[in-house]
Amino acid sequence: MGSSVDWSRERFTMDTGLSEAVRETFVRLYEEGLIYRGKRLVNWDPILHTAVSDLEVISEEEAGHLWHMRYPLSDGSGQLVVATTRPETMLGDTAVAVHPEDERYASLVGKTVTLPLTGREIPVIADDYVDPGFGTGCVKITPAHDFNDYEVGQRHNLELINIFTIDAVINDNAPEIYRGLDRFEARKRVVADLDAQGLLDGIQDHRLMVPRGDRSGAVVEPFLTDQWFVKIAPLAEPAIAAVESGAIRFVPANWSKTYYDWMRNIQDWCISRQLWWGHRIPAWYDDAGNIWVGRNEAEARARAGLDQDAPLRQDEDVLDTWFSSALWPFSTLGWPEPTPALASYYPTSVLVTGFDIIFFWVARMIMMGLKFAGDVPFRDIYITGLIRDHDGQKMSKSKGNILDPLDLIDGCDLDTLIDKRTSGLMQPHLKPKIETATRKQFPQGIPEFGTDALRFTFAALASTGRDIRFDLGRIEGYRNFCNKLWNATRYVMMNVTEAPAADSAEFTVADRWIRSRLGRMITEFRQHLENYRLDLAAQDLYEFTWHEYCDWYLELSKPVLQGNATPGEQAATRRTLVTVLETLLRCLHPIMPFITEEIWGKLAPLAGVSGDTIMRQPFPAAAAWPQDPAAEAEVDWLQGFILGVRQIRGEMDIAPGKRLPVLLENAGNTDQQRVSAYGRYLKDLARLDSIELIAPGTQAPASATALLGNLGILVPMAGLIDVAAERSRLAKLRERAAADLQRCVAKLGNDSFTGKAPAAVVAKERERKADLQRELTQLDEQLARLEEFA
């Protein structure tokens, strides 16, 4: 990948030093009362058998139902109707709640209802949580299986009845006929039994947000378990202040709002996980169930006053992986020991990360860094977009749409790619779908693009904070850019065989122009790097390399080097060719390290630069390349003249190699001086046979014309084109375009197509219609222009 890192500092989260930092952090937070163990509702993944944090839950809207159920009042005076999207949880209900100001139910508060299917009596309570305008205004309360209900239960001291096992199967707290049923099977049975007893008031279609684990895809359950938590509010306050004060800066700045919104509404962090792998929680239990926290078992025993032979059992849970990751900026530098590395490198300068882990990782690093290292962990947070697939979908193993960067670098045949994408799936039934999609998108596999093209693509696509829809077409274009750089170098080294000594007084206008443009580019390039606008920095490099250095300057150098110049001018041009390219390579190197290192090693001696690697060369400064507005103005005119002639060639379909006569109309003194000074460039680059002035008042022959300010550039058409043949050719093209447009319009006018075809297909057809309309307009303009020469 071309990353330059200090491999001697490589760290693994389970290394001895980092494990010590994790235990030290846990113990200190516990001793301060900021870590506690409690029975709380957590998001439970019944497939992975572990608690997952809120951030690991993906909630998406899905089609479901809303069941309306009748709960009879225990005194026989009537019934209350409640609605739920999860009827099976009614087996764990411990109350029905109404709003305290809802007059409809004021007389019922304090009474009880008989919970159907269980026979238990549960109270009717009043709580502000209830929305009296939603449904009937009555809400079933299941404190052990709903986060909002849990809070209501805490306020009213309601019983917590857990009806699920860790597999989301009904447990022994429910009536016997439901025990052992999967939650979704239990749902069907509960609904059927309510209906049979006349207690089902109705069912309606309903769209709801369904929470699923981001790894397993299983519907997570609010589940009552004993877990370890961090009391997070005291840690969040200084972390909020650090961003507010400017001690930490988000780039782009709008992500700070996202950070604030989450931090100001933060909930205690469940840090325990029921997994086999991770940092084991440093807590031990004696036979009486007492908890003893220590940095190791010996410390825990000492605190418990137990000798070596007394039984002591360590907690089997491990810590959330983000707990250890939150310590990364300082634990990797030797903390809790006051190491020289910690003193030298903490706080760090910049964190580069994706927006999707601002909460998982970034916020927690800030909190822990301020708490334990005494300062912010970094000054700038550069938020990148997520790299999505060509359809805009987030890349994930479960979707089988991941692109391995190494496959883009080295290439990958189709069979290997399919094997990579379909092996180890958590949902194996998706394998055929993933294979079909892969074969369609990559029928020939992935070609080899190389590291530099991939890196440049990532930089060019890195618009501030936006997601990147990755398309192989872009990386192919930047592979061509690498080839362009190779070819430019080949041309330079063919023409420069030794380090040329040159007098700056001999620089041609083209030399002065490219040197000035390089200085301007370096200024903008460095500003964009400093502002984390890698996309604009890459654009600066691309535009200068391809369009200014290669397309223009190399071409402008040819008339000089091919003999139409003095020896001094030729030496100055050779000097400019090689020094501008050497400087450009140093600009490109941070993004394209391999090709620039390779080329620089061969080119540097010709530029008079010594050294064993480009990496140790100074980064280019604009001061070495002073701007020359006069030269830029002259070359702007020169380019305008040449492009005007090229435009006429293209519009009139004149062969690129055919030399043309040019007549100049309204040529002022400056224009005439420029034609005289730059004739060698004009004749070579515009492929001109002659340039003549039209005397004022003289009638010009029938000509195609381009304007450059007030200057008219005329190309007489006589003998250049067969008007009749060209008219016939254009008419055929127009007829074909008109027919295609007619078919396209008819297709878009068909409701069956626009209503049933995928949105992307319809959008593509609309784009085609616009392209055909533009093509027709251009053909009509060409036909009209042709009539001028008939």
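The accessible surface of the protein chain comes to about 38400 Å² in this predicted model. Carbon and sulfur atoms account for 50% of that surface. Of the 790 residues, 48% count as buried. The chain is more spread out than a compact globule, because its radius of gyration of 37 Å is well over the 28 Å that the globule rule gives for 790 residues.

**Overall dimensions and fold**

- The C-alpha trace of the protein chain spans about 115 × 70 × 50 Å along its principal axes.
- The secondary structure consists of 25 helices and 25 strands.
- Taking contacts between residues at least 6 apart in sequence, 74% join residues at least 24 apart.

**Charge**

- The protein chain carries 86 positive and 112 negative charges.
- The mean position of the positive charges and that of the negative charges are 4 Å apart.

**Helix α17**

- Helix α17 covers residues 534-561 and has a kink of about 40°.
- The kink is centred on Y549.
- After α17 comes G563, which has a positive phi, near 115°.

**Q79**

- Q79 belongs to strand β4, which is made up of residues 79-84.
- The relative accessible area of Q79 is 41%, so this residue counts as partly exposed, a class that lies between the buried limit of under 20% and the exposed limit of over 50%.
- When neighbours within four places in sequence are left aside, Q79 is in contact with R70, Y71, P72 and L73.
- Q79 and L199 are 120 residues apart along the chain, and their C-alpha atoms are separated by 9.7 Å.

**D391**

- D391 sits in the loop that runs between strand β20 (387-388) and helix α11 (405-410).
- D391 has a relative accessibility of 49% and therefore counts as partly exposed, since exposed means over 50%.
- Between the C-alpha atoms of D391 and R212 the separation is 22 Å, and these two residues are 179 apart along the chain.

Terms used: Residues are numbered from 1 along each chain as its sequence is written. This is a predicted model: local features need pLDDT of at least 70, side-chain atom pairs count only at pLDDT 80 or more; totals for chains, interfaces and linings use all residues. Side-chain values use heavy atoms; hydrogens and water are left out. Helices (H or I, at least four residues) and strands (E, at least two) are DSSP runs, numbered from the N terminus. The radius of gyration is taken over C-alpha atoms; the globule rule is 2.2 Å times the number of residues to the power 0.38. Buried means under 20% relative accessible area, exposed over 50%, partly exposed in between (1.4 Å probe, protein chains only). Contact means heavy atoms within 4.5 Å. Accessible areas come from the Shrake-Rupley method with a 1.4 Å probe; for residues, only the protein chains shown count as cover. Lys and Arg count as positive and Asp and Glu as negative; His and the chain ends are not counted. The place of a charge is taken as NZ of Lys, CZ of Arg, CG of Asp or CD of Glu. The bend at a residue is the angle between axes fitted to the seven residues ending there and the seven starting there.
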